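Thank you all for coming; I would like to walk you through one structure today, starting with the overall chain and then turning to a hairpin and a single residue. Please have a look at it first.

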Amino acid sequence: FLSAIGRHLRGDSEFYEVEYRLRRRDGSFCWVLDRGRLLPQRTIHVDLRLAGTTKDISARRNAEQELKIAANVFDTMHESVLILDWQFRVVRVNRAFETSFGYHSSMIIGADIALLNSTEHEQAFYQSMRQQVSLSGKFRGEVWHKRLDGQEILTQLDQRVDQIINGLN
C-alpha cells in the first residue's frame with residue numbers, strides 16, 4: 001500500500017490502485033481494493049490531499065481462490081476430461097486426456113469433438129449422441145474413440161452439461 005501511494009506521490013502514476021488485507025474490528029480479515037489520486041492543490045499552503053475509494057473484494061478473492069483449486073484438481077486428476085462448448089468444439093483438456101489420447105491441448109482446442117470419432121460406431125450414433133446432449137444436457141455410456149495415433153479405445157463417457165451450466169448460474 002505504502003509503495004503504491006509513494007509511486008503516485010512521486011508522479012510515477014496517475015493514480016494508485018492496490019489490493020491488500022485489512023483486519024476488521026472483530027479480528028477477522030477482509031480483502032480490499034483501494035484506489036485514489038492526489039487532489040490538485042489550489043495554493044501552495046494547502047496540505048496534500050488524497051481522494052479515493054476502498055471496496056471490500058473478499059468475495060471476489062475467495063472465488064478466485066476456489067477457481068485456482070478447481071483448476072488444480074482438473075489438471076492433476078487421473079481421469080481424462082475434456083470440456084466442450086455448445087457447438088461440440090473442445091475448449092479445454094486435462095493432462096490425463098493428453099496422456100490417454102496423445103493430443104497436446106494446443107492440437108485439439110477449438111477442434112470439433114468428431115476428431116475423436118471411431119470407426120466402431122456408425123455416424124448416426126454420434127449424431128444421436130449430440131442430439132441427446134443438446135436436448136437433455138446428458139449422455140452416459142460406453143463410446144469408442146480414436147487416439148491421435150489411430151488406435152481406437154473404449155471409453156466410459158459421462159456428459160453432464162446441465163450440472164456445469166446450472167453451477168455457473
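When I speak of helices and strands, I mean DSSP runs, with H or I over at least four residues for a helix and E over at least two for a strand, numbered from the N terminus. By that reckoning the protein chain has 6 helices and 7 strands, and from the N terminus on they follow the order α-β-β-β-α-β-β-α-α-α-β-β-α. This is a predicted model, in which local features need pLDDT of at least 70 and side-chain atom pairs count only at pLDDT 80 or more, while totals for chains, interfaces and linings use all residues. Residues are numbered from 1 along each chain as its sequence is written, and side-chain values use heavy atoms, with hydrogens and water left out.

Let me turn to the hairpin, where strand S4, residues 82-84, pairs in the antiparallel sense with strand S5, residues 90-93, over 3 bridges; pairing here requires that DSSP finds at least two bridges between two strands. Ile-83 has Arg-92 in S5 as its bridge partner, and of the 5 residues between S4 and S5, Phe-88 in the turn has a positive phi of about 65°.

Finally, where is Thr-155 found? Thr-155 lies in strand S7, residues 152-160, and is buried (under 20% relative accessible area, with a 1.4 Å probe and protein chains only) at a value of 16%. The side chain of Thr-155 reaches the backbone oxygen of Val-143 at 2.8 Å.

Conventions: Buried < 20%, exposed > 50% of the residue type's maximum accessible area, 1.4 Å probe, protein only. Polar contact = N/O pair within 3.5 Å; in protein donor to acceptor, adjacent residues only side chain to side chain.
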